[in-house]
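User: Please take a close look at the interior of this model, starting with its cysteines and going on to its core and cavities. I am new to this structure, so a plain account would help.

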Amino acid sequence: MRTGLTETCLQSGEYVDSGAPEIVAFARQACGDADDDIAKAVRLYYAVRDGITYTPYCDFRSRDTFRASACLSRGAGFCVAKAALLAAAARAAGIPARVGFADVRNHLTTPKLRQLMGTDTFFYHGYTELYLAGKWVKATPAFDRRLCEKFGVRPLEFDGREDSLFPPFDVDGRLHMEYIRDRGPATDVPVDEILEIFNRHYPKLTAEVVSAPATQFHAEAEQAQGGRSG
């Protein structure tokens, strides 16, 4: 049964801008002939996971970096933007959705990103919560399949019924992702809160625009993986 909260999670927001025409068109195309919410959610998840390149090298001085429609237009984004895009597309398809956040320790970052961040702790890592079959289900569309292959980690699958969160170990048994703190869900991206944390903890990353193509992080991941395997 839907409640006032779930109905709120169907409305377009500033960053989860599900009413944007391009979001509506994207959702319609991704869902195709799917005729129930779970099937639609699964198709939307994979469309965002693999159709949008993951990159942490963004202009964090621009609020468009956090906006779903802008992420779709770029064809690339970091975890928060991709989570917002999945939430927006789900809302456009009639599925209540919201964005969720957690602090995580990523043991498989690249040397360049670690140098820019000064830590392997990622504050406000973004995921999506979808209201399916009477419950909220977590989905994490951040790492696209190509990036996972280069990093040697299992791509996250999603069936619309169980939470899809990063595993603690990669395919070789090395530490991968450790969830430190769950900050919970929000109906829209709390950009001011995120920027305050990012500016405090990642001044090198946020002080200037990191000029890099969307596939830069993929290349770094492949290089790092080659170094470990060699």
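Analyst:
**Cysteines, core and cavities**

The cysteine sulfur closest to that of C71 belongs to C58 and is 8.4 Å away, too far for a bond; a disulfide here is a pair of cysteine sulfur atoms within 2.5 Å. C71 is also buried, at 0% relative accessible area (buried is under 20%, exposed over 50%, partly exposed in between, with a 1.4 Å probe and protein chains only). For C148, the closest cysteine sulfur is that of C79, and at 13 Å this too is too far for a bond. C148 is buried as well, with 2% relative accessibility. The disulfide count for the structure comes to zero.

The model is predicted, with local features needing pLDDT of at least 70 and side-chain atom pairs pLDDT 80 or more, while totals for chains, interfaces and linings use all residues. Residues are numbered from 1 along each chain as its sequence is written, and side-chain values use heavy atoms, without hydrogens or water.

Next comes the core. The largest nonpolar core holds 73 residues (a set of buried Ala, Val, Leu, Ile, Met, Phe, Trp, Tyr and Cys joined through side-chain atoms within 4.5 Å). Its main contributor is helix α5, residues 79-92, with eleven residues (helices are DSSP runs of H or I with at least four residues, strands runs of E with at least two, numbered from the N terminus). L44, Y54, F66, F78, L130, F158 and V189 have the most contacts inside this core. Beyond its neighbours within four places in sequence, L44 is in contact with A27, A30, C31, L86, A89, A90 and A93 (contact means heavy atoms within 4.5 Å).

The search of the whole structure also finds two cavities of 30 Å³ or more (sets of points on a 1 Å grid over the protein atoms alone where a 1.4 Å probe fits but cannot get out; lining residues have an atom within 4 Å of a point). The largest cavity has a volume of about 130 Å³, a volume being the space filled by probe spheres set on the points. Its lining has 14 residues, and F60, F78, M117, F122 and F198 are the closest to its centre. F78 appears here and also among the core residues with the most contacts. Two elements, α6 (111-117) and β4 (121-132), give two or more residues to this lining, and β4 has the largest share, with four. By type, the lining has 13 nonpolar residues, one polar and no charged (nonpolar: Ala, Val, Leu, Ile, Met, Phe, Trp, Tyr, Cys and Pro; charged: Asp, Glu, Lys and Arg; polar: the others, Gly among them).

The second largest cavity, of about 70 Å³, is lined by Y54, C79, V104, N106, F122, H125, A142, F143, F166 and M177. Strands β3 (97-106) and β4 each supply at least two of its lining residues. Eight of the lining residues are nonpolar, two are polar and none is charged. F122 thus belongs to the linings of both cavities.

Between α6 and β4 runs a loop that contains T119. T119 is partly exposed, at 23% relative accessible area. Outside its neighbours within four places in sequence, T119 is in contact with R114 and Y202. The C-alpha atoms of T119 and H201 are 8.6 Å apart, across 82 residues of sequence.

Methods:
1 Å grid on protein atoms, 1.4 Å probe; cavity = no way out; pocket = protein on both sides within 12 Å on 5 of 7 lines; lining within 4 Å.
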